Structures are given as C-alpha cells and as structure tokens.
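Open your viewer and get your selection tool ready. We will move through this structure stop by stop, and at each one you will hear what to select and what is there.

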Amino acid sequence: MKSYKSDKKYLYADRKDKNHKGKFLMSMRFDISGGNLDSAGEASSTIKSKLKQLGIGYSIIRRVAIASYETEMNIVLHANRGTLSVYVAEDHIKIIAVDEGPGIPNVELAMQEGYSTATEQIREMGFGAGMGLPNMKKCSDQFEIHSDIGKGTKVMIVIFF
Ligand SMILES: Nc1ncnc2c1ncn2[C@@H]1O[C@H](COP(=O)(O)OP(=O)(O)OP(=O)(O)O)[C@@H](O)[C@H]1O
Ligand SMILES: [Mg+2]
C-alpha cells in the first residue's frame, strides 16, 4: 500500500514533466445514462483503476471510489442523464456530478442517513438504503450539493491528498 508521502512525491514529480500540459495531472469525464443498470458502476470502476495507475495511495482511492460510485448510482437511479467528471490536481481530487433529472425537493432531508425515495424494485436490487449522500459527504473534505426541482442536481466533492 502506498503511503500519503509517496502520493505527494509521485504527483510533484509528475508536475515537473515538461510534457505535462494543463492544470490537472489527469481529468476524466463520463456520460451516465439514467435507468441503465447494466452499465451502472462502470465509470467509477474505470476511475478507480486510472487512479491506481497514477500511483495514488489506497486510502485516497477508497474515498474517491465510494464518492464516485455513489454519485454515479444516484444519476442512474434517480436522474435522466448526467456526467461524472474527475480532476486530479497537485494536492486534491475533485469529483463533479451534474445531472438532468427531477432534482431533490428537500436536500437537507435527502442528506439524512436512511432517507430514500427508492422504489421496492430498486431496494430488491440492493440499492435504496438512503446511505449514498451521507457516505459521499463522509468521504469528502469539501462537499457541495445544489439541486433545482425539475432541472437537475450538481454534486461537487473535493478530497485532499
Ligand atoms: N441525482 C439525484 N437526482 C434526484 N434525486 C436524488 C439524486 N440523488 C439523490 N436523490 C434523492 O435523495 C435520496 C437520498 O439519496 P441517497 O443516495 O442518500 O440514497 P439512495 O440513493 O436512495 O440509496 P443508496 O444510495 O443507499 O442506494 C434519494 O432516494 C433520492 O430521493
Ligand atoms: Mg444513492
């Protein structure tokens, strides 16, 4: 398992690479379809393996993996479509999930552990415990959620190295 220290060393070494262009060490963007359970989880699994390839430490990867999986699943289960973007910077990873969908009427309520509007059918598939949003928040150093009813939801998560 790589330590916190070796994460930084790797990332700073990467920054000195004169071929590196742009502000981020790496960025990824995925289109997520609402309702498509067949490919659900693919984006977050790709994110996880790309971060492993970058040499990022396990504890950071674990937090990013949970946060990205839960945002991805919320788009699949609760929205029509969306994008999941991940930016790896010098000292942090940022996850941005934007969707078009019904929005969340009461964000404070939705943030509570155990609150879910998932149908019986979704619960039978093992989702709908109402733990996604609270778990994302727990994994984040910075967490923001904005929702417009009838339009969609945006989640922004920052995890520092
Ligand atoms: N992107 C979204 N668009 C619309 N509603 C959402 C979205 N994300 C969450 N919600 C609403 O907030 C509720 C709580 O979300 P949360 O992720 O905590 O639980 P869940 O998705 O229902 O269950 P779990 O994540 O444990 O499988 C959801 O049931 C849904 O009503
Ligand atoms: Mg969820």
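Select Ser49 and Gln53: these exposed residues sit on the face of helix 2 turned away from its buried side. Exposed here means that 12 or fewer other C-beta atoms lie within 10 Å of the residue's own, buried means 20 or more, and partly exposed is in between, with C-beta atoms placed from the backbone. Helices (H or I, at least four residues) and strands (E, at least two) are DSSP runs, numbered from the N terminus. A word on the model: it is predicted, local features need pLDDT of at least 70, side-chain atom pairs count only at pLDDT 80 or more, and totals for chains, interfaces and linings use all residues. Residues are numbered from 1 along each chain as its sequence is written, while chains are lettered from A and ligands numbered from 1 in the order in which they are written.

Now turn helix 2 around and pick its buried residues, Ala43, Ser44, Ile47 and Leu51. They lie on the same side of helix 2 because they cover an arc of only 95° around the axis, taken from the directions from the helix axis to the C-beta atoms. Show strand 1 (26–33), helix 3 and strand 2 as well, as they are among what covers these buried residues. Just after helix 2, stop at glycine 55, where phi is positive, near 85°.

Next, select valine 64. Leaving aside neighbours within four places in sequence, its contacts (C-beta atoms, placed from the backbone, within 7 Å) are Ile47, Leu51, Ile93, Ile95 and Ile159.

Which residues touch the most other members of the largest nonpolar core? In this core of 27 residues they are Val64, Ala67, Ile93, Ile95 and Met136. Such a core is a set of buried Ala, Val, Leu, Ile, Met, Phe, Trp, Tyr and Cys residues joined through C-beta atoms within 7 Å. Colour helix 3 to see the largest share of this core, 7 residues.

For the last stop, select ligand 1. It is surrounded by 24 residues, the closest being Ala110, Ser116, Thr117, Gly132 and Leu133; a residue counts as near if its C-beta atom, placed from the backbone, lies within 6 Å. Helix 3 (58–78) and helix 6 (132–139) are the elements that give two or more residues to this shell. Keep helix 3 highlighted, since with 5 residues it gives the most to the shell.

Terms used: Two residues are in contact if their C-beta atoms, placed from the backbone, lie within 7 Å.
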